[in-house]
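Let's take a friendly walk through one protein model, looking at how its parts fit together. Keep the structure open beside you as you read.

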Amino acid sequence: MSTVAKARSLLFVPGDRPERFAKAGAAGADLVCLDLEDAVAPALRAKARSEVKAFLKAQPVGHAFGVRVNRLSSPDSLRDIAALQDAQESSPAFVMLAKAECAHELELLANQLPGMPLIALIESPRGLSHAAEIGAMPQVQALMLGGADLAAELGCDFAWEPLLAARQALVAAAARNGVGAIDVPWLDVTDAAGARAETERVAALGFCAKALIHPSQVEPVHAGLMPAEAVILRARRVVQACADGTAAALLDGRLIDRPVLMAAQRALRRAGE
């Protein structure tokens with residue numbers, strides 16, 4: 001399983017703030033995304049590209065730093081991609097495409113960055129309607145929900161109930177293709193309890209990871225994704241009961257079949273086992 005597919009957390013850092021890069025890397029998030037898009041003012045994007053490329057050149061093989069590039073229809077996107085194409089010197093761990101709306105965009109990006117793990121950021125109704133096709137592209141390893149932009153386009157509140165259907169649709173598209181599903185960040189960096197509670201809710205929907213905007217959110221997000229101890233213990237017993245490869249088994253008088261086994265295996269993956 002790839003680094004992107006295994007990730008529980010993805011921490012965003014503005015690409016024009018190089019003094020924060022190393023600190024973000026030490027915060028404990030599974031992935032760090034150096035942002036060349038919305039977190040950077042257009043006038044500072046050239047500087048951000050230079051800072052990000054210089055930082056990536058200094059990273060060892062196997063690092064967890066990726067880059068969010070601008071939407072392909074933006075002139076900034078061409079400059080972003082050009083800055084990343086020298087893979088031997090400045091290869092990111094992944095590239096996230098902002099405002100992805102169709103599979104062809106991911107095909108074009110993959111052609112420019114062969115072999116690069118890609119995350120498609122779904123931020124519009126059009127992107128959501130094509131999420132399954134986007135997730136099917138060979139280099140795409142995760143779909144992420146861009147809830148704020150999506151809510152703005154839908155004309156709805158950026159809140160749980162209005163975005164529930166979008167979350168469910170994105171999880172379904174990711175599951176259809178066997179790729180990761182990453183949820184939108186919790187925006188109140190002072191509310192760790194809220195971050196954990198929302199993470200627990202999206203984990204119940206099928207999300208495997210959540211984006212972050214502050215290092216303080218790493219702990220509550222990881223805690224929110226961790227199954228309860230009783231769930232972990234039960235999952236271990238389910239897996240053990242099916243260890244001989246039988247199609248079905250009984251455990252405590254209850255039938256254990258393939259869907260139950262898959263749920264147990266998923267819980268153990270979330271627990272890091």
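In this predicted model, the buried residues of helix α13 pack against three elements: β9 (249–251), β10 (254–256) and α14 (258–270). Which residues of α13 are these? They are I232, A235 and V238. If you look down the axis of α13, its buried residues fall within an arc of 125 degrees, so they line one face of the helix. On the other side of α13 you will find A230 and Q240, which are exposed.

Now turn to α14. Its buried residues are L261, A264, A267 and L268. Seen down the axis of α14, they fall within an arc of 120 degrees, so here too the buried residues line one face of the helix. R258 and P259, on the other side of α14, are exposed. Among what covers the buried residues of α14 is α13. Just after α14 comes G272, with a positive phi of about 80 degrees.

Here are the two helices side by side:

| Helix | Number of residues | Span, first to last C-alpha | Expected span at 1.5 Å a residue |
|---|---|---|---|
| α13 (229–241) | 13 residues | 18 Å | 18 Å |
| α14 | 13 residues | 18 Å | 18 Å |

In α13 the span is close to the expected one, and the span of α14 is also close to its expected value.

Next, a loop residue. Most residues other than glycine have a negative phi. K99, however, has a positive phi, near 50 degrees, and it is not a glycine. Where does K99 sit? You can find K99 in the loop between β4 (95–97) and α6 (103–112). Is K99 buried or exposed? Its relative accessibility is 16%, and buried means under 20%, so K99 counts as buried.

Finally, let's visit a pocket. The second largest pocket holds about 460 Å³ of space. It is lined by 26 residues, and those closest to its centre are F12, A39, R68, P185 and I213. Several elements each supply at least two residues of this lining: β1 (9–14), α2 (21–25), β6 (140–145) and α9 (147–154). Which of the elements gives the most to the lining? That is β1, with four residues. What kinds of residue make up the lining of the second largest pocket? There are 16 nonpolar residues, three polar and seven charged.

Conventions
Residues numbered from 1 in each chain as written. Predicted model: local features only at pLDDT ≥ 70, side-chain atom pairs only at ≥ 80, totals over all residues. Heavy atoms only, no water. Expected span 1.5 Å × (residues − 1). Buried < 20%, exposed > 50% of the residue type's maximum accessible area, 1.4 Å probe, protein only. Arc of directions from axis to C-beta. Contact = heavy atoms within 4.5 Å. 1 Å grid on protein atoms, 1.4 Å probe; cavity = no way out; pocket = protein on both sides within 12 Å on 5 of 7 lines; lining within 4 Å. Points joined across faces, edges and corners; volume = space filled by probe spheres on them. Nonpolar A, V, L, I, M, F, W, Y, C, P; charged D, E, K, R; others polar.
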